[in-house]
Amino acid sequence: MNNLSSHLKGPRIYVKRDDLTGLALGGNKTRILEYVLGEILSRGADVVIATSGIQSNWARQITAAARMLGIKPVLVLRTAQFKGANIDYTGNLFLDYLMGADVRIVEASIRDDVTSVMQEVAEEYRAKGHNPAIITDEPVVGVLGYYDCAREIVEQSARLGVEVDYVVHATSGGPTQPGLVLGFAAAGKRVKVIGVNSAAYDRATTISRIRNFIEKGAELINLDKEKLPSTVEVLDGYGDYGEATKEVIDAILLTARLEGIILDPVYSGKAMAGLIYMIQQGMIGAHENVVFIHTGGIPAIFAYRDLLFKKAQSLHSLRP
Ligand SMILES: Cc1ncc(COP(=O)(O)O)c(C=O)c1O
């Protein structure tokens, strides 16, 4: 990201375009689903039941993957940050409907347990002769998706002759950050992986979820725990889940106008706001190399269009 790097007078920023991974407009969940759905298929499931918020990227990518694999996608979607006010079929939810997911909307926050609703839906499908699989949380095997991504970054940066110091991305305490930590540790690379919290969980819970994935993931790949970094780096402070602070909106507009790259307010925009902050505070030095992983989330911007459009109109172009 040449323009952003020189605008910030700081490190060289590279971008890993995981918004282009392919499943119905892409995102980080595609790499994770490769393993998670592999496991479900091996159990002979013909229906997959998943849960998240109504503007969920996870739900949209599961729907696309299920359609590719010929199994039925069922989504239990929580009203989450929209609290019933904006259950408009836009963004990710629109794409879920377009792909024909069986959508069940429940009045619940992103942290509520909706397992009983999922079990009722599974019972409904069983009664019709199906073999449904429920995904309540992301299984440990999902870390392998970002283990692969770390290996890819190691190979690609070696080809470019770049020594990567930092990887920055959005985290919800799921398999992305632990997968990256495991992948770099296994490759013997001292890359600092920093997750910027989407605030699906508070910082302490996010860190403990990541630690848990790292521990179980290390067993899965037989990695010597001595090779793992002692700390889990999570930056916080960009609003509650689904809330975009001024810094997040500014980061989205800056990236769009300097690089022509679109970020979202729930995840990747927060990650970019965090990266800008760390550069401005001197936490990341001017001569270092950073890889920003664009984890996707783009469809959700349409659900936030009013907020973003008003700000975009009130700004002068950053470029002459
Ligand atoms: C666009 C986007 N970025 C980042 C994340 C965080 O990934 P993880 O849940 O693996 O921490 C998610 C999902 O929660 C997401 O949809």
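This short talk goes through how the chain is divided into domains and then what surrounds the ligand. Please keep in mind throughout that we are looking at a predicted model.

Let me begin with the chain as a whole, which is divided into domain 1, made of residues 2-27 together with 141-314, and domain 2, which covers residues 31-138. The contact between these two takes 34 residues from domain 1 and 26 residues from domain 2, while their C-alpha centres lie 25 Å apart.

Now to the ligand, and to the question of which pocket it takes up. The space taken by the ligand is the largest pocket. There are 15 residues around the ligand, and of these K29, S172, G174, T176 and T295 come nearest. If we sort that shell by class, we find three nonpolar residues, 10 polar ones and two charged ones.

Which atoms, then, lie close to the oxygen atoms of the ligand? In G174, a backbone N or O atom is 2.9 Å from a ligand oxygen, and in P175, again a backbone N or O atom, the distance to an oxygen atom of the ligand is 3.2 Å. With T171, by contrast, the side chain takes part, since an N or O atom there lies 3.5 Å from an oxygen atom of the ligand. Taken alone, the ligand would expose 380 Å², and the protein buries 96% of that area.

Key. Residues numbered from 1 in each chain as written. Predicted model: local features only at pLDDT ≥ 70, side-chain atom pairs only at ≥ 80, totals over all residues. Heavy atoms only, no water. Near = heavy atom within 4 Å. Polar contact = N/O pair within 3.5 Å; in protein donor to acceptor, adjacent residues only side chain to side chain. Areas by Shrake-Rupley, 256 points an atom, 1.4 Å probe, with all protein chains shown as cover. 1 Å grid on protein atoms, 1.4 Å probe; cavity = no way out; pocket = protein on both sides within 12 Å on 5 of 7 lines; lining within 4 Å. Sits in = over half its atoms within 2 Å of the grid points. Nonpolar A, V, L, I, M, F, W, Y, C, P; charged D, E, K, R; others polar. Domains from an automatic or database assignment. Contact = heavy atoms within 4.5 Å.
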